[in-house]
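Reader: I would like to go through this model one point at a time. Where should we begin?

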Amino acid sequence: MTKAITARAHTNIALIKYWGKLDADLIIPQNSSLSLTLAPFYTDTTVQFSPELSHDQIKIDGQLLSTAAGQRVHTFLDLVRQRAGLTAFAQVDSTNHVPTAAGLASSASGFAALAAAASKAAGLELSLPELSRLARRGSGSATRSIYGGFVEWQKGHDDLDSQAVPFQEKIDFDIQMIAILLDPRPKKVASRAGMAQVVATSPYYAAWPPTAEQDLIAMKAAILKKDLNLIGQLAEANAMKMHATTLSASPPFTYFEPETLTAIELVQNLRNNGVSCYYTMDAGPNVKVICSAKETPAILAQLQQHFPADHLLVAKPGPGVTYI
Ligand code: PMV
């Protein structure tokens, strides 16, 4: 039996979105992306390989997954076993401090923590770039959760160069997010299926990779200038360009719920009243507000008039993957 290894990885929210794959098996994206790792949302995962097990045993938040439900994790563990020359099955115990599948990207923290714990338990001593590339095979966004702060996923060309690099690990200006939890149910269209449908059918998709690459260059300059307003404007516009591709897919779909529009309008109203705040959304209805800590109390006061206080989660920038 190998030693049990526990790793913690934090989730990240993209300011410039990853949307669409060039290679679905290797998870090579069509465009580079950039995210902010968040402190309060993380996954702790313990992995131990044991020759006594007859199959992988995967527990998420205390629930043992069926073979079908755990398929993505089994496939990922096969990859680790193959690299380490191991045949033993594994016991995986994962606890999410993230609302699972509610558009807060638990797959990012989940596969980043699994990559770190499983590789070390299997005896592989991977560097951070190697870990980032391994995490990518589980879920694209997980490639960025290896690092803290602002992180760029450089799309690269193949398995060996599509990886995240820290853009600014220690952030020395006032930026954070407020996640508005509108719908805790698992999302209706998973990001994987949604982006595949868009790439295959939306006539607007061809415009996405070049516009995202331009947004990324502008975003990096805005971060270096510590310009919160510019960061927010770019992130908001980039997110809406991504969501426009879902409406133009065949059949069309959307991640918006009625309350998503309420949240967006509140952010716009706050901004019209001189409060700097911007919104972004991933493959789910939840809205994340990009703002400063200084203005957070004023924003929360407004949001609390429409949403329960415990659905408003304030998130400061967080660290990269660690072993605990
Ligand atoms: O890696 P996935 O399959 O969770 O896809 C993430 C897609 C978005 O969250 C919409 C964008 C992103 O860059 O995180």
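Author: With the ligand: 14 residues surround it in this predicted model. The closest of them are Tyr18, Ser139, Ser141, Arg144 and Ser191.

Reader: How many charged residues are in the shell around the ligand?

Author: Sorted by class, the shell has six nonpolar residues and five polar ones. The charged residues in the shell number three.

Reader: What distance separates a polar side-chain atom of Ser191 from an oxygen atom of the ligand?

Author: Polar contacts are counted for N or O atoms within 3.5 Å. Ser107 has a side-chain N or O atom 3.1 Å from a ligand oxygen, and for Asp282 the corresponding distance is 3.3 Å. For Ser191, the distance from a polar side-chain atom to a ligand oxygen is 2.9 Å.

Reader: What percentage of the ligand's exposed area does the protein bury?

Author: The reference is the ligand taken alone, which exposes 380 Å². Of that area, the protein buries 96%.

Reader: Which domains supply at least three residues each to the shell around the ligand?

Author: The protein is divided into two stretches, residues 5-171 and residues 176-315. Each of them gives at least three residues to the shell. The domains asked for are domain 1 and domain 2.

Reader: What area is buried between domain 1 and domain 2?

Author: The C-alpha centres of the two domains lie 23 Å apart, and 33 residues of domain 1 are in contact with 43 residues of domain 2. Carbon and sulfur atoms give 70% of the area buried between them. That buried area is about 3100 Å².

Reader: Which three residues supply more than any other three of the area that domain 1 buries against domain 2?

Author: The three in question supply 28% of the area that domain 1 buries there. They are Leu15, Lys17 and Trp19.

Reader: Which residue forms a salt bridge with Glu152?

Author: Across the interface of the two domains there are eleven residue pairs in polar contact, and the count of salt bridges between the domains is two. In the salt bridge of Glu152, the closest N and O atoms are 2.9 Å apart. The partner of Glu152 is Lys220.

Methods. Residues are numbered from 1 along each chain as its sequence is written. This is a predicted model: local features need pLDDT of at least 70, side-chain atom pairs count only at pLDDT 80 or more; totals for chains, interfaces and linings use all residues. Side-chain values use heavy atoms; hydrogens and water are left out. A residue is near a molecule or strand if one of its heavy atoms lies within 4 Å of it. A polar contact is a pair of N or O atoms within 3.5 Å; within protein, one must be able to donate a hydrogen and the other to accept it, and residues adjacent in sequence count only if both atoms are side-chain atoms. Accessible areas come from the Shrake-Rupley method with a 1.4 Å probe; for residues, only the protein chains shown count as cover. Ala, Val, Leu, Ile, Met, Phe, Trp, Tyr, Cys and Pro count as nonpolar, Asp, Glu, Lys and Arg as charged, and the others, Gly among them, as polar. Domain bounds come from an automatic or database domain assignment. Contact means heavy atoms within 4.5 Å. Buried area is the accessible area (1.4 Å probe) that two parts lose on being put together, summed over both. A salt bridge is a side-chain nitrogen of Lys or Arg within 4 Å of a carboxyl oxygen of Asp or Glu.
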